[in-house]
Every structure is written in C-alpha cells, then in structure tokens.
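Me: I would like a close look at a single part of this protein, followed by an account of how the rest of the chain is arranged around such details. Please treat the matter in one connected answer.

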Amino acid sequence: MATFLYKLGRLAFRRRHFVALIWVALLTLAGVGAASAPTAASNSFSIPGTEAQRAFDLLEKRAPDASADGASARVVFKAPDGEKVTDPARKAGIQKTVAALRSGSDQVAAAADPFEVKAVSKDGTTAYASVTYKVSSMELTDDSRDALERTTDKARTGGMTVEVGGDALQAMPHTGATEIIGIAVAAVVLVITFGSLVAAGLPLLTALIGVGIGVSSIAALADALDLGTTTSTLAMMIGLAVGIDYALFIVSRYRAELAEGREREDAAGRAVGTAGSAVVFAGLTVVIALVGLAVVNIPMLTKMGVAAAGTVAIAVLIALTMIPALLGYAGGKVKPTGEKGRLLGGRKRAAKTAGAATAQNPGTAQNPGTAQNPGTAQNPATGNPGTGSPVKENLGTRWARFVVRRPVAVLLLGVIGLGAAAVPVGQLELGLPDDGAQPTSTTQRKAYDLIADDFGPGFNGPLMTVTDLKGVDDPKSEAAAVQKKIAGMDDVLSASPPQFNKAGDTAMITVVPSSKPSGTETENLVHAIRDEAKDVRADSGADVMVTGTTAMNIDVSQKLNDALLPYLALVVGLAFLLLIVVFRSVLVPLKAALGFLLSVLAALGAVVAVFQWGWLGSLFGVEQTGPIMSMMPIFMVGVVFGLAMDYEVFLVTRMREAYVHGESPQEAIVTGFKHGARVVSAAAVIMIAVFAGFIGSSEQMVKMIGFGLAIAVFFDAFIVRMALVPAVLALFGRRAWWLPKWLDRALPNVDVEGEGLRDAAGRGGPEGRRELVNV
C-alpha cells in the first residue's frame with residue numbers, strides 16, 4: 001500500500017491543476033445539486049419491529065383520517081392574574097383563536113375546543129387546544145407554521161399568556177457562534193504547530209471542501225433518501241474533525257521529509273505513502289464504526305451513520321490527493337520541520353543559523369542535515385545530533401522517557417482516574433428528550449411548564465392504546481372493558497372513552513399518566529399495560545398495543561439497549577482484525593480496544609454528571625436535567641471508537657516503524673512520541689475544539705453529542721493514548737509486537753510503515769542515499 005500511495009502522492013503533486021480542478025468541480029456539482037434539490041418532504045422516524053410502530057402502521061391502514069403520525073401543536077392559554085379562561089370574554093377569545101387555528105391551513109386535520117373536550121384546569125386559569133395536522137412535522141409548509149404563529153400572536157391580548165408546544169414548530173437546530181469559535185481555535189493550533197499561515201491553512205481549506213461536498217450531497221439527496229436535519233449536522237461535526245486531522249498528519253510528515261533534505265515532489269510522495277497509509281486505516285475504522293450503526297435497525301440512525309461515513313471517506317480521499325496537490329502550489333512557503341515561517345520570526349533565526357553553519361561547514365549551507373554531512377543527523381534514540389552541541393529534547397520525548405521509566409505508576413494513575421470519571425455510568429437513565437429539555441426561553445418549554453403546573457406532568461406525554469378488535473364478537477363491550485381496566489391501573493390519571501374507526505374494528509384510547517413523559521414511572525406504566533394486554537389477547541383475542549410519542553421513545557431506548565452489545569462486538573471485532581493487519585501484533589490491538597472502553601465509559605460518566613445530575617450544567621448551557629438521550633451510548637461507542645483508533649494508528653505506527661527499523665521496544669516508544677506526540681496533541685485539541693463548538697446548539701441532542709465527543713476525545717487522546725499506551729507497551733517490551741507465525745503468514749502485508757519504500761531505496765532508487773526520517 002505504501003508504494004501505491006507514494007506514487008499517488010507524487011502524481012497528485014505533479015498534476016496538481018488536474019486534481020484541484022476535479023475537487024472544485026465536485027464541490028460545485030454538489031452545491032448546485034443541493035441548491036436545486038427540493039426540500040426533504042418528510043423525516044419519518046420508524047422503528048421496525050416495535051409495538052409502537054405496529055400500532056402506528058395499523059392506524060395508518062384502518063384509520064388514516066386519524067393522522068396518527070401527523071404533526072401536533074398544543075396551544076396553551078393562561079389567563080391574567082385574578083381572571084379565568086372561563087370568563088365570557090376570555091372564553092370567546094379562545095374559541096375565536098381555535099376557529100382561526102382550524103381554518104388557518106389546509107394541512108390542519110383538527111383543532112379541539114378546550115371547553116368542549118374539558119381541557120381546562122381545575123382552577124379555571126389555564127386551558128389548552130390540541131391541533132393535529134395531516135402531515136408530519138417535516139412536511140409542514142412554512143405557511144402552516146406562519147399561520148400558527150400569527151394566530152397565537154394575535155391571541156396575546158389583554159394580558160393573556162399564549163404558548164405553543166408540540167413538534168409543529170420544530171425548527172432547524174443552530175449551533176451559534178461557538179461552532180465558528182471551534183474552527184478559529186483549530187486555526188490557531190495549526191498556526192502554532194506549523195508556524196506558517198500557508199501550512200496551517202491547508203488542513204482547514206481541505207476540511208472545509210470535504211465537508212462542503214459531503215453536506216451538500218446530503219442536502220441534494222435529502223428528499224430522495226428521507227434524510228433528517230440531524231444527519232447533516234453529524235456529518236459536518238465528524239467531517240470537520242477528521243478532515244483537519246488527516247490533512248494535519250500528512251502535512252506534518254511532508255515537513256519532516258523536507259527536513260531530511262528530500263525534494264518537494266518526493267517528500268509529498270513519501271508523506272502520502274507513510275502518513276497516508278495511517279490515514280487510510282484510521283479512516284476505515286471510523287467508517288466501520290459508523291456504517292455498523294445499521295445493526296441497530298433504526299432507519300434514521302443507519303442513514304446518519306452512512307452519511308457521516310461518506311463524509312469521512314471524502315476526507316480521506318482529499319487528504320491523499322488534494323493535500324499533495326496544494327503542497328505543490330505552496331512550494332517553498334511550507335517550511336521543513338524545525339524552520340518557522342516569517343510569521344513567527346523564523347526568517348531571522350534561519351538566516352543566523354545558516355550563517356553560522358556556513359562559517360563552520362560551507363558544504364552544509366544549502367542542504368543541512370542531508371547525506372553531505374551524515375554525521376550531523378539526529379540520533380533517534382537520544383534526540384541529540386551525532387556531533388556538535390546537544391539538541392534539547394522536545395516535550396513528547398521527555399514525557400515518553402518518563403513513562404518508560406515509571407510505567408506501573410502511570411498505568412495505575414490513568415486507570416484509577418478514568419475509573420473515577422466512569423462511576424456516574426452506574427446511575428445512567430436513558431430516554432429521548434421532549435419539550436421539557438428545551439431552553440426555558442422557548443415557547444415550547446413555556447407551554448410544557450404551564451401544562452405540567454396546572455394539569456399535571458402526564459398531560460405533556462399522553463399515551464395512546466390501539467385495540468385491534470377484528471374478529472371479536474362484541475367490539476364495543478371489549479373496548480369498554482379495556483378502557484376500564486387501564487383506568488384502574490396505578491399511575492393512570494385518566495383514560496378516555498374508546499374512539500372507533502369507521503369500520504368499528506379498531507378502538508383508540510388516550511391514557512394520561514400521572515408522571516412526566518421521560519419518568520421511569522411512565523415507562524413502568526407502558527410495560528404494565530402491555531402485560532395486561534397479553535391477558536386480554538388470551539381471553540378475547542383483542543390485540544391491545546401502546547403507542548404515541550412517549551411509548552415510541554421507550555421502545556427506541558429498549559431497542560438501542562438490546563443492540564449495544566452486538567454492535568460493540570461487531571465494530572470492535574472488525575476493527576480488531578484490521579489493527580492486527582496494520583500492526584502485525586495481537587496485544588497492541590487488544591490494548592487499543594480495552595483503552596477505548598475505558599475512555600468511552602469515562603466520557604459517558606461525564607455526560608451523566610453534566611446532563612443528568614446537573615454538575616457544571618450552567619457552564620454548558622444545560623437548563624434542564626433529565627435522562628440521557630437513549631442513542632447516546634451506542635452512538636458514542638461507534639463514533640468515539642473510530643476516532644480513538646485514529647490516534648492509536650497515527651501514534652503507534654511511528655513506534656512500529658522505529659521498531660521495524662531496528663530500535664529497541666523502549667526507544668521505539670520514545671521515537672514514536674518524539675515524532676508523533678506534538679502532532680497527535682494538536683490533532684486532539686483541534687478535534688475537541690470542533691466538537692465543543694456544537695455545545696452551543698439550541699438542540700439538546702446536538703449539545704449532548706458535542707459535549708460527549710469532545711470529552712471522549714480528551715480522555716482518549718491525552719490519558720489513554722498519551723499515558724496508558726506507552727506504559728502498557730513499556731511493560732510488554734518485545735512481547736507487544738508478538739504475532740503467531742501461522743497468523744503472520746496468513747495476513748496480507750499492507751506495509752503501513754513504508755518498509756517497501758525503504759527497500760526500493762536500498763535497491764538504488766532515488767532514496768538510496770537517505771536515512772530514515774528522523775526530525
């Protein structure tokens with residue numbers, strides 16, 4: 001692979017005009033497609049195999065007029081202090097508003113008069129009108145939403161409080177200024193890392209192009225593939241992070257090759273052949289983790305994973321082709337490692353250094369550190385040059401030497417620290433966010449609080465039972481018996497009389513729990529009704545199913561919990577096999593997987609502490625604590641595993657490269673950190689900054705994902721990869737690179753460390769006179 005990528009890198013460098021034209025054309029094509037594509041007509045959230053979905057499907061078939069999966073709005077009216085909504089003037093105003101809601105849009109299916117359906121609080125100060133639509137929330141037109149907002153705005157007269165809940169006003173999540181701050185932080189880190197605006201700009205430019213192509217493609221295909229808004233948000237989040245990181249590693253290796261005295265085209269080829277190999281396998285682990293979300297069998301989650309995986313694949317291709325092309329355009333503006341650009345005053349220092357070198361050894365003035373003076377090449381084992389004054393070791397080298405000397409202490413400290421952070425996972429509560437998780441400034445949250453205070457928390461998430469009465473002798477009597485049985489259950493506030501479809505073979509009963517939608521009591525009630533349904537089915541043959549948004553959320557959580565272990569086994573198993581091929585070792589991939597489990601558990605513990613317990617919640621904009629989003633554990637397992645393997649591949653391949661080239665296991669660790677610690681640290685800071693930018697989102701789900709991924713990258717990069725990995729490798733010694741001979745013969749040799757390039761150089765290729773890259 002290294003040889004193929006080496007040729008690809010050189011080809012892209014030479015044919016940079018053609019390569020750049022291809023990517024610009026793809027970006028333009030995707031942009032035009034996104035601009036001309038129709039808006040996604042729907043955002044269906046189907047959960048195959050669940051009872052709630054079966055009930056929805058039955059209603060769609062037998063009672064399509066009920067619009068069971070249609071959007072809904074709940075308009076809450078609160079009378080001024082000292083007045084009641086039942087006062088004649090207030091009552092007339094509310095009824096006028098309901099009539100306006102009913103006639104405001106052709107998409108409205110029904111708008112219930114609160115005085116007719118008895119949706120008035122006991123003290124008479126609050127009432128609510130339920131509005132149902134014929135289409136889902138994503139199919140609602142802007143005219144329908146505008147009509148809803150205009151009507152409720154007009155109702156706010158004379159001190160009347162009017163708020164709107166439900167999904168009819170569901171808006172596109174926005175991330176605010178913090179997303180741009182994240183990109184700005186990434187730019188600053190790149191400038192500090194490279195010391196040059198040009199070199200720092202390349203990863204940002206290519207990452208933005210890759211994300212532009214990916215997100216635009218998603219927008220272009222959104223209508224055809226039924227993709228939701230969260231899909232593009234996830235693709236942008238991950239695409240930016242990995243796009244910057246992959247380009248960063250290749251540009252860093254390119255500068256290291258230049259420092260060895262190689263020509264720019266050859267340096268670009270070698271950078272793609274070595275660091276590019278790591279990029280390919282790191283990208284594969286991310287793609288495996290994202291595409292593996294399909295095993296959960298939730299269409300929305302599958303689409304999110306595949307779309308994000310496609311964006312990652314684009315980031316890999318751009319890093320392998322467009323980066324060397326842009327390096328060709330940059331020319332001498334991208335400096336070798338150790339040289340700073342004019343931005344950091346490097347020109348003056350370089351001139352002084354060159355003058356001193358010329359005075360001592362004129363032969364090295366034009367090409368220092370090359371084969372003309374091999375005696376000055378830096379010794380990878382010591383970090384000092386072979387002759388002359390000692391060179392100060394960088395921080396990565398000093399840290400690696402400390403870990404190699406104290407591996408047991410570092411290992412215990414890291415494991416105990418991550419274990420402590422993971423403790424809150426023991427109290428993890430899962431659910432899906434409702435309007436109660438919205439910011440307190442939103443009308444949805446205000447409506448939620450008004451209903452909870454004046455009616456009861458259960459009114460914010462009523463359940464719907466659907467009874468299939470086909471084949472039952474006396475459908476009406478059976479439906480009445482079901483209603484009576486449910487009304488007498490614990491935690492049931494009320495159960496409405498059965499409503500039948502036109503054929504009379506299906507009955508719907510609205511059940512209002514006494515607890516909030518996301519509470520464990522409501523979940524227990526759903527399970528209790530389903531347990532009773534088994535007895536009803538056995539006695540009369542009637543099939544009672546529980547559905548509605550609350551029941552759907554409960555079923556989603558259960559489905560995700562059931563899929564977590566199979567998904568974990570699939571993803572970790574495939575990646576484990578992939579890493580065996582990369583590292584040609586059994587213990588290194590095993591250590592990588594165990595380290596990942598530590599970091600993801602610690603990250604989940606931090607999420608629980610902030611979003612469920614409320615620790616430092618105000619710092620992250622958490623206005624309402626509650627259950628953790630049910631897809632968070634499986635989502636973090638998938639995404640964080642892929643990202644964690646990025647750092648594992650980039651850092652440990654440099655160690656293996658040094659070990660394969662003759663260094664001892666301990667010195668190979670030091671060499672790997674010497675060349676990789678600075679770049680991996682910069683990449684982690686960039687990824688943390690990009691993910692943290694999404695914490696400013698108005699959407700609780702996006703906020704939680706951004707925080708979870710940012711803290712997970714921090715734990716994994718700076719504790720697991722920077723501390724636990726070298727400590728474990730130091731304890732293992734040569735055994736870390738052990739591989740059974742039969743397995744060694746069976747595995748393909750993918751040559752991630754570029755040994756094929758070194759062999760070719762030894763046979764008289766253009767690299768024949770140069771040493772291993774060491775900077």
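What does V295 count as, judged by its relative accessibility?

Reply: The model is a predicted one, and what follows describes values computed from it. V295 counts as partly exposed, because its relative accessibility is 39% and the partly exposed class runs between the limits of 20% and 50%. This valine is found in the loop between helix 9 and helix 10. Helix 9 covers residues 264-291 and helix 10 covers residues 299-330.

Although V295 is partly exposed, it has partners far along the chain. Leaving aside neighbours within four places in sequence, V295 is in contact with Y567 and L570. The second of these partners, L570, is 275 residues away from V295 in sequence, yet their C-alpha atoms are 8.9 Å apart in space.

The loop that holds V295 also holds N297. N297 is likewise partly exposed, with a relative accessible area of 39%. Its backbone deserves attention: phi of N297 is near 65 degrees, a positive value in a residue that is not glycine. Most residues other than glycine have a negative phi. D491 also has a positive phi without being glycine, with a value near 70 degrees. D491 sits in the loop between helix 15 (475-487) and strand 7 (492-495), and it is partly exposed at a relative accessible area of 22%.

A loop residue can also be buried, as T50 shows. T50 lies in the loop between helix 2 (16-36) and helix 3 (51-62). Its relative accessible area is 7%, and T50 is therefore buried, the limit being under 20%. When residues up to four places away in sequence are not counted, T50 touches D555 and K559.

For a residue inside a helix, consider L248, which belongs to helix 8 (residues 229-259). Its relative accessibility is 0%, so L248 counts as buried. Apart from neighbours within four places in sequence, L248 is in contact with L190, T193, F194, P203, V679, A682, A683 and I686. The C-alpha atoms of L248 and L204 are separated by 9.0 Å, the two residues being 44 positions apart along the chain.

These individual cases may be set beside the totals for the chain. The chain has 775 residues, of which 54% are buried, and it contains 23 helices and eleven strands. Among the contacts with a separation of 6 or more, 79% join residues 24 or more positions apart.

The packing of one pair of helices can be described in detail. The axes of helix 4 and helix 5 are 10 Å apart, and the two helices pack at an angle of about 170 degrees. Helix 4 and helix 5 are therefore roughly antiparallel, the limit for that description being over 145 degrees. T97, A100 and L101 represent helix 4 in this contact, and they meet L148, T151 and A155 of helix 5. The contact of helix 4 with helix 5 has four nonpolar residues, two polar and no charged.

Helix 4 (88-103) and helix 5 (142-155) are also the elements that give two or more residues to the lining of the second largest cavity. Its volume is about 50 Å³. The residues that line the second largest cavity are A100, L101, G104, S105, V108, Y133, S144, A147, L148 and T151. Helix 5 supplies the largest share of them, four residues. By type, this lining has six nonpolar residues, four polar and no charged. A100, L101, L148 and T151 thus appear both in the helix contact and in the cavity lining.

In total, the structure holds seven cavities of 30 Å³ or more. The largest cavity has about 60 Å³ of space. It is lined by V482, K485, I486, M489, I529, E532, A533, V536 and V544. Two elements give two or more residues to this lining, helix 15 and helix 16 (520-540). Helix 16 gives the most, with four residues. The lining of the largest cavity consists of seven nonpolar residues and two charged ones, with no polar residue.

To return to the part requested, V295 is a partly exposed valine in the loop between helix 9 and helix 10, with contacts to Y567 and L570.

Terms used: Residues numbered from 1 in each chain as written. Predicted model: local features only at pLDDT ≥ 70, side-chain atom pairs only at ≥ 80, totals over all residues. Heavy atoms only, no water. Buried < 20%, exposed > 50% of the residue type's maximum accessible area, 1.4 Å probe, protein only. 1 Å grid on protein atoms, 1.4 Å probe; cavity = no way out; pocket = protein on both sides within 12 Å on 5 of 7 lines; lining within 4 Å. Points joined across faces, edges and corners; volume = space filled by probe spheres on them. Nonpolar A, V, L, I, M, F, W, Y, C, P; charged D, E, K, R; others polar. Axes fitted to C-alpha atoms, helices over the stretch in contact; angles between N-to-C directions. Parallel < 35°, antiparallel > 145°, perpendicular 65-115°, else oblique. Contact = heavy atoms within 4.5 Å.
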